[in-house]
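Let's take a walk through a protein together, starting from its inside. Have a look at the sequence and the model first, and then read on.

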Amino acid sequence: SNAKNASVITVGNEILKGRTVNTNAAFIGNFLTYHGYQVRRGFVVMDDLDEIGWAFRVALEVSDLVVSSGGLGPTFDDMTVEGFAKCIGQDLRIDEDALAMIKKKYGQADLTPQRLKMAKIPPSCRPIENPVGTAPGLICAVGGKKVIILPGVPKEMEALLKAMEKDIIIPD
């Protein structure tokens with residue numbers, strides 16, 4: 001069959017603690033199913049580098065596409081990008097396109113180390129401008145597979161996923 005496999009990862013302590021209902025996983029699962037993917041696995045992990053790396057590693061075993069949401073941003077507990085980078089054995093580096101997106105949001109004067117963090121991505125990823133928030137989304141290539149890393153704020157996640165639609169659609 002032409003069906004491709006996908007997995008969905010949600011990152012965040014607040015979801016595991018039951019403070020936030022995981023509407024993102026439902027939205028992403030529905031979106032991927034509509035686009036012809038078989039969603040095989042869903043993961044919810046805490047804000048922890050090892051847990052995040054584990055989820056990406058295990059998801060990539062069975063998936064053509066992995067979509068994560070959460071843990072993307074300026075604060076110390078936003079560690080999805082770093083966890084993913086560790087998983088694929090790459091270092092983070094400042095990406096000029098991502099940096100330009102962040103400068104556009106904050107202005108040159110306000111580039112704090114926390115904000116600069118959002119421009120640091122693995123070399124195999126490219127940033128996609130966040131239409132309704134700050135942190136860029138990422139599209140990453142991993143050995144013929146695709147990983148999409150999205151923010152946890154639902155309206156940002158939805159806007160970025162729609163902006164990436166052409167990168168997600170399976171060619172006939």
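A residue is called buried when its relative accessible area is under 20%, and exposed when that area is over 50%. Keep those two words handy while you look at this model, which is a predicted one. Try them out on helix α4: here Thr80, Val81, Gly83, Phe84 and Ala85 are buried. Lys86 sits in helix α4 too, but this residue is exposed, because its relative accessible area is 51% and the cut-off is 50%. Just after α4 comes Gly89, which has a positive phi, near 70°.

Now for the inside of the protein. The largest nonpolar core is made of 28 residues. Ile9, Phe56, Phe84, Val147 and Ile149 are the ones with the most contacts inside this core. You've already met Phe84, as one of the buried residues of α4. Which elements give two or more residues to the core? They are the strands β1 (4-11), β2 (37-45), β7 (137-142) and β8 (145-150), along with the helices α3 (49-62), α4 (80-88) and α5 (96-106). The one that gives the most is α3, with 6 residues. There's also another core, lying apart from this one, with 18 residues, including Val8, Ile128, Ile139 and Ile170.

Let's zoom in on Ile9. You'll find Ile9 in strand β1. Is Ile9 buried or exposed? Its relative accessibility is 0%, so Ile9 counts as buried. And what does Ile9 touch, once we skip residues up to four places away in sequence? The list is Phe43, Val45, Ala55, Phe56, Ala59, Val66, Val67, Ser68 and Ser69. For a sense of distance, take Tyr37: this residue is 28 residues along the chain from Ile9, and their C-alpha atoms are 15 Å apart.

One name on that list, Ala55, takes us over to helix α3. Ala55 also has 0% relative accessibility, and therefore counts as buried. Again leaving out residues up to four places away in sequence, Ala55 touches Ile9, Phe43 and Val45. Phe43 and Val45 were among the contacts of Ile9 as well. If you look from Ala55 towards Cys87, you jump 32 residues in sequence, and the two C-alpha atoms are 9.1 Å apart in space.

That brings us to how α3 and α4 meet. Their axes come within 8 Å of each other and cross at roughly 60°. How should we describe that angle? Angles under 35 degrees count as roughly parallel and those from 65 to 115 as roughly perpendicular, and α3 and α4 are therefore oblique to each other. The crossing of α3 past α4 is right-handed. On the α3 side, the residues that meet α4 are Leu49, Asp50, Ile52, Gly53, Phe56 and Arg57. Across from them, α4 brings Thr80, Glu82, Gly83, Phe84, Lys86 and Cys87. Sorted by class, this contact has 5 nonpolar, 3 polar and 4 charged residues. Lys86, our exposed residue, touches Leu49 and Asp50 when residues up to four places away in sequence are not counted. Lys86 and Leu49 are 37 residues apart in sequence, with 8.2 Å between their C-alpha atoms.

Here's another pair of helices, α2 (residues 23-34) and α7 (residues 154-163). The axes of these two come within 10 Å and cross at roughly 15°. That is why α2 and α7 count as roughly parallel to each other. The crossing of α2 past α7 is right-handed. Thr23, Asn24, Phe27, Ile28 and Phe31 make the contact from α2, while Pro154, Met157, Glu158, Leu161 and Lys162 make it from α7. By class, the residues of this contact of α2 with α7 are 6 nonpolar, 2 polar and 2 charged.

Last stop: a loop. Ala119 lies in the loop between α6 (113-117) and β5 (120-121). Is Ala119 buried or exposed? Ala119 counts as buried, because its relative accessibility is 0%. Setting aside neighbours within four places in sequence, Ala119 is in contact with Arg93, Ile94, Asp95, Ala98, Leu99 and Ile102. Val67, one of the residues that Ile9 touches, is 52 residues from Ala119 in sequence and 19 Å away in space, C-alpha to C-alpha.

Technical notes
Residues numbered from 1 in each chain as written. Predicted model: local features only at pLDDT ≥ 70, side-chain atom pairs only at ≥ 80, totals over all residues. Heavy atoms only, no water. Core = buried A, V, L, I, M, F, W, Y, C linked by side-chain atoms within 4.5 Å. Buried < 20%, exposed > 50% of the residue type's maximum accessible area, 1.4 Å probe, protein only. Helix = DSSP H or I, 4+ residues; strand = E, 2+ residues; numbered from the N terminus. Axes fitted to C-alpha atoms, helices over the stretch in contact; angles between N-to-C directions. Parallel < 35°, antiparallel > 145°, perpendicular 65-115°, else oblique. Left-handed = near helix turned anticlockwise from the far one by under 90°. Contact = heavy atoms within 4.5 Å. Nonpolar A, V, L, I, M, F, W, Y, C, P; charged D, E, K, R; others polar.
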